[in-house]
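Work through these exercises with the model open beside you. Try each task before you read its solution.

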Amino acid sequence: MAKGEIRSDHLDTLDHDLGRYSNIELATQYAGRPLVGYGFALAFLLLAGVAALTFSTPGSHAMTLGAAAVFAGYLALNIGANDVANNMGPAVGARVLTMGGAIAIAAVFESAGALIAGGDVVDTVAGGIIPPGAIADPRIFVRVMMAALLSAAIWVNIATRAGAPVSTTHAIVGSIAGAGIAAAGWGAVAWETMLSITLGWVVSPLLGGMIAAAVLWVIKARIIYREDKIAAARTWVPVLVGVMGGAFACYLALKGLNRLAVVGFAPALSLGCAAGMALWIGTIPVIRKQSEGLENRDKSLKRLFGLPLIVAAALLSFAHGANDVANAVGPLAAILKATTTGLTGGIAVVPAWDMFIGAFGISLGLILFGPRLIRMVGSRITRLNPMRAYCVALSAAVTVILASGLGIPVSTTHVAVGAIFGVGFFREWYEARRLRRSSASVANRPPLAVEERRRRKLVRRSHFLTIMAAWIVTVPAAGVLSGLVFMAMGLAGD
């Protein structure tokens, strides 16, 4: 064998070995990415515990507060990983925002909503589920709240891993109820409150889906199927943007002005109407300028809905941060009150360090673990474009306002996901009706085969059934888990 051939063989072997080492290094990097996320999450939980030990009043309850802060931080991480997908998923699925852009916007606005509009005083979740005086012993009450925090976080974590968007509000409600029953029996739970929550559990996805379908019908009838689509869009897009802006203004007035004054529903609705009118008038020249030179086709319409959808997603994140941060910081504030004053009922003041744990934890959970659910909500339930995604965002805002006016507690998760289902099922119905009409015009056309009818389904039934099952079992599963954790804590304490 020639000397050059030997060298060539050696070089080929060396290249092959280096390629294998390169593949091993690449595989190690991919395998290490989840570990990096878990490392950051663990560091955050340790910092949360240190913050509680640092800022709390020195005493025998310092370790209890430190552990409770870790549990609250764990729940906040899971809120970010699961709940925030409902706000950003439609915009990502419609390809208006990249995953990185969506995460950046959501992290900023979730934190801003929690810190600015979260409120200095939070009526703890426990105050509604467990009536004052039902659990008089502060030590038992603290154990109930700690079991609820840990159990709700574990359940939401399991749901996130399963790819099911669930309501963290229902998880914490079920957990508090389960631990309360384990501590003081069935009489420890305010069942009227649980009934109203259950009503909202059923109403919110149905209402969100119907409103989203109605908005999509308006867009189809008034814009998409008009002869001059661009002219129709110049008229109707500002109207839709005005409705969205008015709904958000009303919602933020109800939820975000508690530091300045208590705003009733009627004044908030008036403020929302004024803001909506102003935004409608102000958007007309903007849409007119954006539509100049656009071709008369659906692709052009998608561009006109892009910026309003981004704004809607940001406002949804702000509203979510203002509302759902209480799921993590409320029980922690109740624990702080019980350990320092011995009182187990009423309103608990949330210190700044507690609010920062909730706000930063939600944003960090979104950054580290949020993409999985964002993809699920945005593209795997049904196919979304900017117009359909805008219907989801607008429906979420309007549904929350209507529910607030009716006094029905709703889940933002159920509303948003219900709106996505509403859009998908409406499209199925609309396409089936159009197909029936076209078939009626052609004599003796054979019916579609079963396989073809299944192919034309626009909502993935497997995801629909998984999410429905997760919604149904969230409250009882979190309750049973919390009861077991409460008893385990008691055995560990003994």
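**Exercise 1.** Is Glu-428 buried or exposed? Then find its salt-bridge partner and place both residues in the chain.

*Solution.*
Step 1. Keep in mind that this is a predicted model.
Step 2. Glu-428 has a relative accessible area of 13%. Buried means under 20%, so Glu-428 is buried.
Step 3. The side chain of Glu-428 meets that of Arg-461 in a salt bridge, 2.7 Å from N to O.
Step 4. Glu-428 is in helix H16 and Arg-461 is in helix H18. The pair links distant parts of the chain, 33 residues apart.
Step 5. Arg-461 has a relative accessible area of 33%, and is partly exposed.

**Exercise 2.** How many salt bridges does the count come to? Describe the one between Asp-298 and Lys-229, then the one between Arg-139 and Asp-137.

*Solution.*
Step 1. The count comes to four salt bridges.
Step 2. Asp-298 and Lys-229 meet through their side chains at 3.4 Å, N to O. This pair also links distant parts of the chain: Asp-298 is in helix H11 (residues 298-324), Lys-229 is in helix H9 (residues 229-256), and they are 69 residues apart.
Step 3. Check the accessibility. Lys-229 is buried at 14%, while Asp-298 is partly exposed at 33%.
Step 4. Turn to Arg-139 and Asp-137. Their closest N and O atoms are 3.5 Å apart. Arg-139 is exposed, with 65% relative accessibility. Asp-137 is partly exposed, at 29%.

**Exercise 3.** What kind of aromatic pair do Phe-425 and Phe-464 form, and which helices does it tie together?

*Solution.*
Step 1. The structure holds 11 aromatic pairs. One of them joins Phe-425 and Phe-464.
Step 2. The ring centres are 5.4 Å apart, with 90° between the planes. Planes over 60 degrees apart count as edge-to-face, so this pair is edge-to-face.
Step 3. Phe-425 lies in helix H16 (residues 412-440), and Phe-464 lies in helix H18 (residues 461-493). The pair therefore ties together parts that are 39 residues apart in sequence.
Step 4. Phe-425 is partly exposed at 29%. Phe-464 is partly exposed at 22%.

**Exercise 4.** Which residues do ring pairs link to Tyr-430 in a cluster, and which charged end sits over its ring?

*Solution.*
Step 1. The cluster links Tyr-430 with Tyr-225, Phe-426 and Trp-429.
Step 2. The charged end of Lys-220 sits over the ring of Tyr-430, 5.1 Å from the centre.
Step 3. Look for another charge over a ring. Arg-143 lies over the face of Phe-486, 4.3 Å from the ring centre.

**Exercise 5.** How many residues of helix H3 are buried? What follows the helix?

*Solution.*
Step 1. H3 covers residues 85-93, and nine of the nine are buried. Among them are Asn-86, Met-88 and Pro-90.
Step 2. H3 is therefore largely enclosed by the rest of the structure.
Step 3. Arg-95 follows H3, and its phi is positive, near 65°.

**Exercise 6.** Which residues form a nonpolar patch with Met-210? Set the patch against the whole chain.

*Solution.*
Step 1. Val-202 and Leu-206 join Met-210 in a surface patch, with about 310 Å² of accessible area together.
Step 2. Met-210 is in helix H8 (residues 191-224). Its relative accessible area is 55%, and Met-210 is exposed.
Step 3. The chain exposes about 23000 Å², and carbon and sulfur atoms supply 66% of it.
Step 4. Of the 494 residues in the chain, 50% are buried.
Step 5. The secondary structure comes to 18 helices and two strands.

Notes: Residues numbered from 1 in each chain as written. Predicted model: local features only at pLDDT ≥ 70, side-chain atom pairs only at ≥ 80, totals over all residues. Heavy atoms only, no water. Helix = DSSP H or I, 4+ residues; strand = E, 2+ residues; numbered from the N terminus. Buried < 20%, exposed > 50% of the residue type's maximum accessible area, 1.4 Å probe, protein only. Areas by Shrake-Rupley, 256 points an atom, 1.4 Å probe, with all protein chains shown as cover. Patch = residues over 30% accessible without salt bridge, like charges linked within 9 Å, V, L, I, M, F, W, Y side chains within 5 Å. Phe/Tyr/Trp six-rings, centres within 6.5 Å; stacked < 30°, edge-to-face > 60°. Lys NZ or Arg CZ within 6 Å of the ring centre and 35° of its normal.
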